[in-house]
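Welcome, and please open the model in your viewer. We will go from stop to stop, with a selection to make at each one.

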Amino acid sequence: MDVNIADMRTVYCGASLVPEKLDSDPMKQFRLWLQDAVDAVDEEEPNAMTLATATRDGQPNARMVLLKGVDSRGFRFFTHYNSQKGCELAENPQASLVFWWRTLSRSVRVYGHVEKISAQESDEYFRSRPLGSQVSAITSSQSQVLESPDALHKQFETLLSSAEQGTYIPHRPVSWGGFIVAPERVEFWQGQPNRLHNRICYIRKQDGSFTRDILYP
């Protein structure tokens, strides 16, 4: 490897954050930033996020998933409940999320308690997915050892063909559905020159409102 990793760096030059101009509700502020990311040129998959979970013993795991909804309750995503992340959330229902929007030099970190959403909400989202995505959720045993990729693809193609012909109607598996991360802490990060980055941290109080503090870079 010829690249000197120690010398790799980016000079950030985003507009400085003014706490008084941010919304007092971090969920509303997040939606503003997400819209900025959606509108930004060359910002691919602005709803992509790192989801970090941990086992009951505290062994961490992280992976990329897609945000599929955000409202006053929290951040929603969907997965197999029997997957690694699903099992970890069942035994340790806490998670962290990280969003990174490179073109804006912005990041958001979230920590919160995790719960399953209702079966009705999961059904509604499942029906909104492309047909191929519905079938893949049915045929995949996510995170389990795959003995035969060929058999998986054959099963997928068979069910997809039947679904396209109308002889098979996909239904959401009970082992697949949504989670919601109810935020306890939300931090907004704006890159600045000389590594003097802006960090604004919201922490939920017992009454449901949030405090807001400036953190050292």
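## First stop: what helix α4 packs against

Select helix α4 and colour its buried residues: they pack against β4, α3 (119-128), α5 (149-165) and β7. Helix α4 itself covers residues 131-139, and its buried residues are Gln 134, Val 135, Ala 137 and Thr 139. Buried here means under 20% relative accessible area, exposed means over 50%, and partly exposed lies in between (1.4 Å probe, protein chains only). Helices (H or I, at least four residues) and strands (E, at least two) are DSSP runs, numbered from the N terminus.

Before moving on, a word on the model. It is a predicted one, in which local features need pLDDT of at least 70 and side-chain atom pairs count only at pLDDT 80 or more, while totals for chains, interfaces and linings use all residues. Residues are numbered from 1 along each chain as its sequence is written, and side-chain values use heavy atoms, with hydrogens and water left out.

## Zoom out: the whole chain

Show the full cartoon. You should find five helices and nine strands, in the order α-β-β-β-β-α-β-β-α-α-α-β-β-β from the N terminus on. Along the principal axes, the C-alpha atoms fill a box of roughly 60 × 55 × 40 Å. Of the 217 residues in the chain, 41% are buried. Now turn on contacts, meaning heavy atoms within 4.5 Å. Among contacts between residues at least 6 apart in sequence, 64% join residues at least 24 apart. A surface view shows about 12900 Å² of accessible area, and 50% of that belongs to carbon and sulfur atoms; the areas come from the Shrake-Rupley method with a 1.4 Å probe, and for residues only the protein chains shown count as cover.

## Strand β4 and its partners

Next, select residues 74-80, which are strand β4; seven of its seven residues are buried. Which strands flank this one? Strand β3 (residues 69-71) runs antiparallel to β4 and is joined to it by three bridges, and strand β7 (residues 176-190), also antiparallel, is joined to β4 by six bridges. Two strands count as paired if DSSP finds at least two bridges between them.

Look at the turn between β3 and β4: the two strands form a hairpin with two residues between them. To check the register, pick Val 70, whose bridge partner in β4 is Phe 75. On the β7 side, pick Phe 77, which stands opposite Phe 179. As you rotate the view, recall that side chains in a regular strand alternate between the two faces of the sheet.

## Charged pairs

Now show the side chains of Arg, Lys, Asp and Glu. The structure holds nine salt bridges, each defined as a side-chain nitrogen of Lys or Arg within 4 Å of a carboxyl oxygen of Asp or Glu.

Centre on Arg 73, which is partly exposed because its relative accessible area is 38%. Arg 73 forms a salt bridge with Asp 71, with the closest N and O atoms 3.3 Å apart. A second salt bridge joins Arg 73 to Glu 121 at 2.8 Å, N to O. This pair links distant parts of the chain: Arg 73 is in the loop between β3 and β4, Glu 121 is in helix α3, and 48 residues separate them. Glu 121 is partly exposed, at 23% relative accessibility.

For another pair, select Arg 109 and Glu 187, whose side chains meet in a salt bridge at 2.8 Å, N to O. Arg 109 belongs to strand β6 (residues 106-116) and Glu 187 to strand β7, so this pair also links distant parts of the chain, 78 residues apart. Which of the two is buried? Glu 187 is, with a relative accessible area of 4%, whereas Arg 109 is partly exposed at 42%. Finally, add Arg 76 to your selection: salt bridges that share partners join Asp 71, Arg 73, Arg 76 and Glu 121 into one network.

## Last stop: Gln 29

Go to Gln 29 in helix α1. Gln 29 counts as buried because its relative accessibility is 4%. Its side chain reaches the backbone nitrogen of Asp 23 at 2.9 Å. Leaving aside neighbours within four places in sequence, Gln 29 is in contact with Leu 22, Asp 23, Phe 188 and Tyr 202.

Methods
Polar contact = N/O pair within 3.5 Å; in protein donor to acceptor, adjacent residues only side chain to side chain.
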